[in-house]
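Welcome, and thanks for taking a look. Please have the sequence and the structure open side by side as you read.

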Amino acid sequence: MKKILLTIYQSLYDYFGPLNWWPGNTPFEIMIGAILTQNTSWTNVEKAIINLKTEKLLDPQKLYLIEEKKLAHLIRPSGYFNLKAKRLKNFLTFYMGNYKGSSEKMFSDDSERLRKNLLAINGIGQETADSILLYAGNKPFFVIDAYTKRIFSRHHFILENDSYSQVQNFFSSNLPKNVELYNEFHAQIVMLGKRICTKKHQNCSICPIGHLLAE
DNA sequence: TGCCAGGCCGGGT
DNA sequence: ACCCGGCATGGC
């Protein structure tokens, strides 16, 4: 199993090339993006982030102080804007209150403890927490999303109704614990899910890992 | 035009 | 412990 997972990864990498995730320049931008992209396409999130950048508001202190209503307006293109404005505020309260807006301080905490604390924030679930830890903090937490579950359950590596932790454990226990690998592998999975292994069509004839999959 | 997108929460059973 | 409705815009 360890071998085939790495082979799948290698095939994806050969096919798509390096994806250089996460799109975003700073840890803070990545963390904001992680919340904004919940059940939302990245193109919509980009528009919201551009709005924040244009207003020069992509800054912990400024977003912490801005009125929630105004924040909601700025992130409108990302969808669920009222809900997400609230969630961003919840995160910012945590981030400013505990770390004064310093990602270095935040990620110098014990990672398991930090993960629990992130999960305690209303609006941050397991995928968002792991995305923050992996892509903003370079901590080895494998991110599980809808694409991962769809692709790997479709091909019977996992069960369709496996829990998040079960799926995460499947990857963690069958891969070397390596941040770069976790980073790139998840990015490759998302690309495969978007482009080829979509909800409606499996398109297995052009799937770059089709020959590696059972059935 | 309807379906989908890099989830999560709260209330009900 | 599950199951479900709500949240909302933009692209194809």
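The report below goes from the overall fold to the domains, then to one helix and the DNA.

## Overall fold

Keep in mind that this is a predicted model. Chain A has 12 helices and zero strands, so its pattern along the sequence is simply one α after another, α-α-α-α-α-α-α-α-α-α-α-α.

How does the radius of gyration of chain A agree with that of a compact globule? For 215 residues, the globule rule gives a value near 17 Å, and chain A comes in at 18 Å, which agrees. The C-alpha trace of chain A spans about 55 × 35 × 30 Å along its principal axes. Of the 215 residues, 30% count as buried. If you take the contacts in chain A between residues at least 6 apart in sequence, 63% of them join residues at least 24 apart.

## Two domains

Chain A is divided into two parts: domain 1 covers 2–20 + 142–212, and domain 2 covers 27–136. Domain 1 is thus written as two segments of the sequence. Between the C-alpha centres of domain 1 and domain 2 there are 26 Å.

Where the domains meet, six residues of domain 1 are in contact with six residues of domain 2. On the domain 1 side, the touching residues are four nonpolar, one polar and one charged.

## A closer look at α10

Helix α10 spans 146–154, and its buried residues are T148, I151 and F152. Why do these buried residues line one face of the helix? Viewed down the axis of α10, they fall within an arc of 85 degrees, so they share one face.

The cover over the buried residues of α10 includes α11 (164–174) and α12. After α10 comes H156, and this residue has a positive phi, near 65 degrees.

## The surface near DNA strand B

Which residues are closest to DNA strand B? In total, 26 residues surround the strand, and the closest are Q38, N39, G125, T128 and A146. The elements that give two or more residues to this surface are α9 (126–136), α10 (146–154) and α12 (179–195). Helix α9 makes the largest contribution, with four residues.

By class, the surface near DNA strand B has 12 polar, nine nonpolar and five charged residues. Helices α10 and α12 thus appear twice in this report: both give residues to the surface near DNA strand B, and α12 is also among the elements covering the buried residues of α10.

Key. Residues numbered from 1 in each chain as written. Chains lettered and ligands numbered in written order. Predicted model: local features only at pLDDT ≥ 70, side-chain atom pairs only at ≥ 80, totals over all residues. Near = placed C-beta within 6 Å. Nonpolar A, V, L, I, M, F, W, Y, C, P; charged D, E, K, R; others polar. Rg over C-alpha atoms; globule rule 2.2 N^0.38 Å. Buried ≥ 20, exposed ≤ 12 C-beta atoms within 10 Å, placed from the backbone. Contact = placed C-beta atoms within 7 Å. Domains from an automatic or database assignment. Arc of directions from axis to C-beta.
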